Amino acid sequence: MPDVTRKILWSVLTAGTALATFSAVPARADDPSADLMARGEYIATAGDCVACHTAPGGKPFAGGLKITTPMGDVVTTNITPDPDHGIGKYTEEDFEKSLRHGIRRDGSRLYPAMPYVSYSGMTDGDVKALYTWFMHGVKPVAETPPVTSLNFPANLRITMGLWNMVATSETPETGDSATFDKLRRGKYLARALEHCGTCHTPRNIMLSEKEDSYLAGASLLGWYAPNITSSKTGGIGNWSEDNLVEYLKTGHVAGLSQAAGPMGEAVEHSTSHLTDDDLHALAAYILQVPAMTDEAEHSPREQFGKPLEEADVRSGELTRIDKLDQMDGAQIYDANCAACHGGNGAGTADHYAPSLFHNSVVGSARPDDLIMAVLNGVDRNAGGVHVHMPAFNQTSDVERLSNAEIASVVNYVTATFGSGDHGVTAEQVEKMGKELPKTP
């Protein structure tokens, strides 16, 4: 498949997440539907609805998040209960068709940026609860986002009907999802509500998820959603259930990994708000997903590296700000990274700035996520902690590194603390920088 086609369809399929918070109108304590409302709010959180349907700085669920693709902009819609600008006129049947089948009230097809192929697995009871909460617990917003405008043939929504014929959809679960046993509940969370496969499962030529490679890893808008199967080399088979629960709750596990980009947003807005029972159910299910080998990963990502033990011997010569000589990777690291991550790469004692060795991002055979973290920074609120690393792209408020400088420092970090020098180039960094989501 041509790269441009893959990029277009990936963008449509996985329209990225945005940093946003939401406020709901709580049900009254004496309201007979209070339990149903609370359940619906929890389902909305588990489904991470706010992420795509709230633009940065925008009103909750009013839409407007824009993903720029070579074929045009995919813009998320207003799903507040406003009757003219949102979904206020939707019946529960209309809502169910949209949620589980990708069909709007007017009969037209949704782009699978809305993961209805995963939500199709939701129980009838949870669909009802979600509908009830959206109609009675979300504040209506009288705003209409810009219309999605893609170039031909992607602008023909009817083509989504053909795609749905080949796409793998989850089979609707039955019964009360709250009563499922641990593994069944974990499967329901992973495959339906949290839709983990949307990002972590590779796709076939038609961009449908490869069911026989579930959670085996896939590229995503510049990032790489890694293999999270039970493989002990390519996946997370060396993680304990408690490790994965901690990661899903806080976005960080010392000596293993930390969440950034789309996963950081998923932790912030969704998984960090799940109950401990649900987190353990989700973790238990993921850790028993059949192991998938990874042709690029031959050793556990989190076991690479050690502290840099070279003596810090400095000449005392100051670097002039008007010196135009290109710094090498070690010098760029020393000037921009060492203050937080340490000259030896060990990070801070409290792990706020993580160690760069024994770090699955630095130890990965794919430098994608490290490049994107340097370009995009990290900004995650989870577990009561706000984690922030500044971006070093051309809009940085800290230090604007060129594509060549970012390539150089990434190669230095992976060579010194991780899986080796990957020969990242300035051209590669430039290309990945264009993958960053754009918003109005």
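Contact here means heavy atoms within 4.5 Å. The model is predicted. Its pLDDT averages 87 over the protein, and 84% of the residues score at least 70. Two nonpolar cores, one helix pair and two histidines with positive phi are the topics below.

**Confidence**
- Residues 1–30 keep a pLDDT under 50.
- For that stretch, the model has 79 contacts beyond four places in sequence.

**The pair H13 and H16**
- Gly 329, Ala 330, Ile 332 and Tyr 333 are the residues of H13 that meet H16.
- On the H16 side, the partners are Glu 405, Ser 408, Val 409, Tyr 412, Val 413 and Phe 417.
- By type, the residues of this contact comprise 7 nonpolar, 2 polar and 1 charged.
- Two packed helices are described by the angle between their axes and the distance between the axes.
- Helix H13 covers residues 329–336, and helix H16 covers residues 403–417.
- They pack at an angle of about 95°, with axes 8 Å apart.
- Angles of 65 to 115 degrees count as roughly perpendicular, so H13 is roughly perpendicular to H16.

**Nonpolar cores**
- In soluble globular proteins, nonpolar side chains tend to be buried together.
- The largest nonpolar core holds 55 residues.
- Phe 61, Phe 95, Met 122, Leu 130, Phe 134, Leu 244 and Ile 286 have the most contacts inside this core.
- Helices that each supply at least two of its residues include H2 (34–46), H4 (92–101), H8 (182–193), H10 (241–250) and H12 (276–286).
- Helix H6 (124–137) is also one of these suppliers, and H6 gives the most, with 6 residues.
- Beyond its neighbours within four places in sequence, Leu 130 is in contact with Gly 40, Ile 43, Ala 44, Phe 95, Leu 99 and Met 122.
- Another core, of 29 residues, lies apart from the largest one.
- Among the residues of this other core are Ile 371, Leu 401, Ile 406 and Phe 417.
- Phe 417 is also one of the H16 residues that meet H13.

**Two histidines with positive phi**
- Most residues other than glycine have a negative phi.
- His 195 is not a glycine, yet its phi is positive, at about 40°.
- His 195 sits in the loop between H8 and helix H9 (197–200).
- Buried means under 20% relative accessible area, so His 195, at 16%, counts as buried.
- His 358 also has a positive phi, of about 50°, without being a glycine.
- The loop between helix H14 (338–341) and helix H15 (368–376) holds His 358.
- His 358 is partly exposed, with a relative accessible area of 38%.

Methods
Residues numbered from 1 in each chain as written. Predicted model: local features only at pLDDT ≥ 70, side-chain atom pairs only at ≥ 80, totals over all residues. Heavy atoms only, no water. Axes fitted to C-alpha atoms, helices over the stretch in contact; angles between N-to-C directions. Helix = DSSP H or I, 4+ residues; strand = E, 2+ residues; numbered from the N terminus. Parallel < 35°, antiparallel > 145°, perpendicular 65-115°, else oblique. Nonpolar A, V, L, I, M, F, W, Y, C, P; charged D, E, K, R; others polar. pLDDT = per-residue confidence, 0-100. Core = buried A, V, L, I, M, F, W, Y, C linked by side-chain atoms within 4.5 Å. Buried < 20%, exposed > 50% of the residue type's maximum accessible area, 1.4 Å probe, protein only.
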